[in-house]
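Have your viewer ready and a selection box open. We will go from the whole chain down to single residues.

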Amino acid sequence: TTGKPNISREKSAELYAKAKTYFPGGVNSPVRAFKSVYGTPLFIEKGDGSHIWDADGNEFIDFCCSWGPLILGHNNAKVRERVIEVMQNGMSFGAPTALENELAELILKNNKFVEKLRFVSSGTEAVMSAIRLARGYTKRDKILKFEGCYHGHTDALLVKAGSGLVTFGETSSAGVPKAFADETIVVSLNDTEALKKAFEEFKDQIAAVIIEPIPANNGLLLQSKEYLQFLREICTQNGTLLIFDEVISGFRIGFEGAAGLYQIKPDILTYGKIIGGGLPVGCYGSSDEIMGSVSPDGPVYQGGTLSGNPVAMAAGIAQLTEVLRMGFYRDLANKTEEFTASIQRFASARSYKFKVFTIGSMFWFAFTDKETITKAEEIDPASMDKFKVMHHELINRGVYLGPSGYEVGFISSAHTKVDLERAKRAIFDSLDLVFNT
Ligand code: PMP
């Protein structure tokens, strides 16, 4: 229907057909199946810098960046070389290695919000462990989460709001016992009244409040510093631990993540994605005192065969060393700001109902005329039809966004001026098509 001819997806389609016989939906993580956009999922063969190539040889400027971990872009030479060097000595021992110390030191020396860490293998695992720690430490059972925040697929958090201001959660996945969801309270973001009410209703029962301080899994629902500050205070007043889930925002928005940006100290922090340089690493951290509850020092059990895996540690060390270079985050944010502002100018000049929300090196394309969106329920589901068209047009123009309109885009240090100019032109053309056909 539009502009450019569709790119060839023959090989991807073939691989997808095979994959469907092996995996549910043909994938090992649901969003990859392209269910909410047009076309066959692209099977990726190679990545280099800001570019990826699919099985049919199509080349894309990539703004998904493996959903966030690749802040240096694909196949970064420093990360690759460190990984290869470490691999020469074997890949896993299930015993302590100096590399775990090295990554921990790098983090603890440059992040004042954590004193002690535990490495795990995914963001989900980090969050699951943080919740258990909060419950073990406070000897309370309930947790409070926010509608529109995603914290991985741990049972307690696959819960969405029911109806009403403060609700017991309803499970958002089959297989989560109702009894688990009953321990999870769900409230809207950016709603101080709902929080107060929840703390009144469940006085002395809430072990932890968990939030993505920069909610980036349901659009980019930027919260105010005042709101996050309020959250900090109400938790302190109630003996409830505040958990910042910084699996996305950690090392992305600055080395100290959102905690550093807002200068708010949560009780427990969770990390993932960037911390592993593209290999599977998650992490949770807290004060010396709270971490003292984790086994073998304390009664909260948590372990892992591949936790602190040397190859994954090596990738993390190499990547975090790079982001610590002077000016790294400033340059990345400036580049992103220039990119997103020019897209916004283009859309506004044409009166398109389109808004680019952005912070640091993250952005979200929203088909809306609202100036701010701070709650999940403020997103019009019908607007996703427009994203669907845009996504397709961008694929045909060599620009790869994550295949869902609820996902944010990421810019890496490997994205060049030329890449961003090219991407902008593709975005302009796609917007014209979305709004004029
Ligand atoms: N927390 C947040 C904020 C996330 O964005 C994600 C994944 N996108 C997770 C937890 C889960 O991490 P993982 O996919 O590594 O299990």
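Here is the tour, stop by stop.

Before you click, note that this is a predicted model: local features need pLDDT of at least 70, side-chain atom pairs count only at pLDDT 80 or more, and totals for chains, interfaces and linings use all residues. Residues are numbered from 1 along each chain as its sequence is written.

**Stop 1: two domains**

Colour 10–75 plus 326–436 as domain 1 and 77–323 as domain 2; such bounds come from an automatic or database domain assignment. Their centres, taken over C-alpha atoms, are 25 Å apart.

Now look at where they meet: 24 residues of domain 1 are in contact with 28 residues of domain 2 (contact means C-beta atoms, placed from the backbone, within 7 Å). On the domain 1 side, helix H11 (328–349), strand S14 (355–359) and strand S15 (362–366) each give two or more residues. Helices (H or I, at least four residues) and strands (E, at least two) are DSSP runs, numbered from the N terminus. The largest share, three residues, comes from S15.

**Stop 2: a sheet in domain 1**

Stay with S14 and S15, and add strand S17 (409–410). The three strands form an open, antiparallel sheet in the order S14-S15-S17, where pairing requires that DSSP finds at least two bridges between two strands. S14 and S17 are the edge strands, each pairing on one side only. Five bridges join S14 to S15, and you can find Val 356 opposite Phe 365 in S15. Show H11 again: this helix packs on the sheet, touching S14 and S15, and its direction makes about 165° with that of S14 (axes are lines fitted to C-alpha atoms, for helices over the stretch in contact, and angles run from 0 to 180 degrees between N-to-C directions).

**Stop 3: around the ligand**

Which residues are closest to the ligand? Select Ser 122, Gly 123, Thr 124, Gly 152 and Val 247, the closest of the 15 that surround the ligand (C-beta atom, placed from the backbone, within 6 Å). Helix H4 (residues 123–138) gives the most to this shell, with three residues.

**Stop 4: an enclosed strand**

Finally, select strand S5 (residues 142–146): five of its five residues are buried, so S5 is largely enclosed by the rest of the structure. Buried means 20 or more other C-beta atoms, placed from the backbone, within 10 Å of a residue's own. Lys 142, Leu 144 and Phe 146 point one way, while Ile 143 and Lys 145 point the other.

S5 pairs in the parallel sense with strand S10 (residues 206–211) over three bridges, with Ile 143 opposite Ala 208. Four bridges join S5 to strand S9 (residues 184–187), also parallel; there, Phe 146 has Val 187 as its bridge partner.

Note on methods:
Two residues are in contact if their C-beta atoms, placed from the backbone, lie within 7 Å. A residue is buried if 20 or more other C-beta atoms lie within 10 Å of its own, exposed if 12 or fewer, and partly exposed in between; C-beta atoms are placed from the backbone.
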